[in-house]
Each structure stands twice: as C-alpha cells, then as structure tokens.
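Here's a walk through a protein model, strand by strand. Have the sequence and the 3D view open while you read.

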Amino acid sequence: MRIPTAAPLALAAATALAGSLLSSAPASASAASHQGGLHLGKIQYDSPGKDTRTNTSLNAEYVDIHNNGKAKLQLKGYKLKDDTGYTYTFPSFTVAAGKTVRVHTGKGKNSGTHVYWNRGSYVWNNTGDKARLIKPSGTLRDSCSWGKGNGVKVCH
C-alpha cells in the first residue's frame with residue numbers, strides 16, 4: 001500500500017500546531033477571553049415562533065454573558081451592542097464566579113441572573129449580526145457574529 005506524501009506532511013503540521021497551542025507562549029487577545037473571565041455565551045437572536053413583538057417573544061431573544069473567572073465581577077458600565085448601534089448599558093450588577101447573566105430584549109424586573117433591555121422591538125438581526133461586549137473603558141472584551149442560521153449562536 002502506498003501512502004500519499006501529503007499525509008505525512010499533514011500529520012507533521014498537525015503535530016506542530018498542537019505543540020504550539022500547548023506551549024507557554026502568550027495567547028492572543030481573542031484566545032485570552034475564551035480562557036477566563038467574562039465572555040459572550042449563547043445568543044438566541046431569533047426568538048422561537050413567529051416574531052409577534054409581544055413581550056414574551058421579545059424576552060425569548062437574549063444574550064448570555066458568562067463569568068468563568070474565579071472571582072465575582074461588577075458589570076456596571078459594561079455595554080452590549082449590536083451592529084446597528086443598539087446599546088444596553090449594565091446598571092450596578094454583580095455576576096458571581098462561574099455564573100451567567102441573561103440579557104433579555106423585552107421588559108421585566110432584573111434579578112440575580114436576568115436583566116432586561118426594556119425594548120419594544122427586537123435587537124438582533126435574524127440574517128446576521130454581531131454582538132459586542134464592551135468594558136466601561138470602551139475596550140472590546142468579547143464579540144460574536146453570525147449569519148443566517150437556526151436562530152441560536154453559541155459563542156464559547
């Protein structure tokens with residue numbers, strides 16, 4: 001049996017890549033956000049069923065923001081933005097280590113794990129959009145984009 005020459009080369013490249021990923025070299029900015037701290041999780045950009053603009057339908061459109069760090073984080077002043085410029089700014093809100101806060105588009109009463117944008121219309125485009133999590137300093141913390149799909153994007 002003859003082994004094509006491309007196979008050993010591909011194996012060598014994959015081995016080198018795996019070795020470089022495991023090395024102690026500094027991670028890139030986007031990889032760092034995946035390893036620890038605050039990041040975008042699941043985004044339900046198309047609420048299930050027909051878009052009726054009822055509060056129930058609006059609240060079925062949401063973004064999960066997860067803190068996989070080892071300490072609680074104060075989110076006051078953090079912003080969640082879409083491509084159009086719609087912006088949710090967090091009030092004083094603490095997310096515990098290992099926990100998730102869900103940002104709903106519609107109206108509701110904030111709790112320890114859910115906050116509400118209090119909008120009367122949808123934010124996230126069903127055919128493609130980009131969510132951005134921005135620190136109070138204006139620095140981008142994380143982003144996640146999608147094209148037309150099944151209505152859900154799992155970012156990390």
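Which residue in β2 does Leu-40 stand opposite? That's Ile-65.

## What you're looking at

This is a predicted model, with pLDDT of at least 70 needed for local features and 80 or more for side-chain atom pairs, while totals for chains, interfaces and linings use all residues. Residues are numbered from 1 along each chain as its sequence is written, and side-chain values use heavy atoms, leaving out hydrogens and water.

The mean pLDDT (the predictor's confidence in each residue, from 0 to 100) is 83 for the protein, and 77% of its residues reach 70 or more. Residues 1-35 are another matter: pLDDT is below 50 there, and the stretch has 10 contacts in the model beyond near neighbours in sequence. Contact here means heavy atoms within 4.5 Å. Where pLDDT is low, don't read the predicted coordinates in detail.

## The five-strand sheet

Strands are DSSP runs of E with at least two residues, numbered from the N terminus, and two of them pair if DSSP finds at least two bridges between them. One open sheet has five strands in the order β8-β7-β2-β1-β11, with mixed pairing. Its edges are β8 and β11 (152-154), each pairing on one side only. On average, neighbouring strands here are turned by 25 degrees against each other, direction ignored; the axes behind that angle are lines fitted to C-alpha atoms, and angles run from 0 to 180 degrees between N-to-C directions.

Now for the pairs. β1 and β2 are antiparallel over five bridges, and five bridges also join β2 to β7, again antiparallel. In that second pair, Val-63 has Val-103 of β7 as its bridge partner. β7 and β8 (residues 114-116) run parallel, joined by three bridges.

## Two residues on β7

Take Arg-102, which lies in β7 and has His-114 in β8 as its bridge partner. Arg-102 counts as partly exposed because its relative accessibility is 23%, and that class sits between buried (under 20% relative accessible area) and exposed (over 50%), using a 1.4 Å probe and protein chains only. Not counting residues up to four places away in sequence, Arg-102 touches Tyr-62, Val-63, Asp-64, Thr-113, His-114 and Val-115.

His-104 is in β7 too. With a relative accessible area of 7%, His-104 is buried. Its side chain makes a polar contact with the side chain of His-114 at 2.7 Å. (A polar contact is a pair of N or O atoms within 3.5 Å; within protein, one must be able to donate a hydrogen and the other to accept it, and residues adjacent in sequence count only if both atoms are side-chain atoms.)

## The four-strand sheet

A second open sheet has four strands, β5-β4-β9-β10, with antiparallel pairing. The edge strands are β5 (87-89) and β10, and neighbouring strands are turned by 10 degrees against each other on average, direction ignored. Three bridges join β4 (residues 79-81) to β5, with Lys-81 partnered by Thr-87.

## The core

A nonpolar core is a set of buried Ala, Val, Leu, Ile, Met, Phe, Trp, Tyr and Cys residues joined through side-chain atoms within 4.5 Å. The largest one has 24 residues, and Leu-40, Ile-65, Leu-80, Phe-90 and Trp-124 touch the most other members. The elements giving two or more residues are β1 (38-44), β2 (62-67), β7 (100-104), β9 (128-134) and β10 (140-147). β1 supplies the largest share, three residues.

Beyond its neighbours within four places in sequence, Leu-40 has contacts that include Ile-65, Leu-80, Ala-131 and Leu-133.
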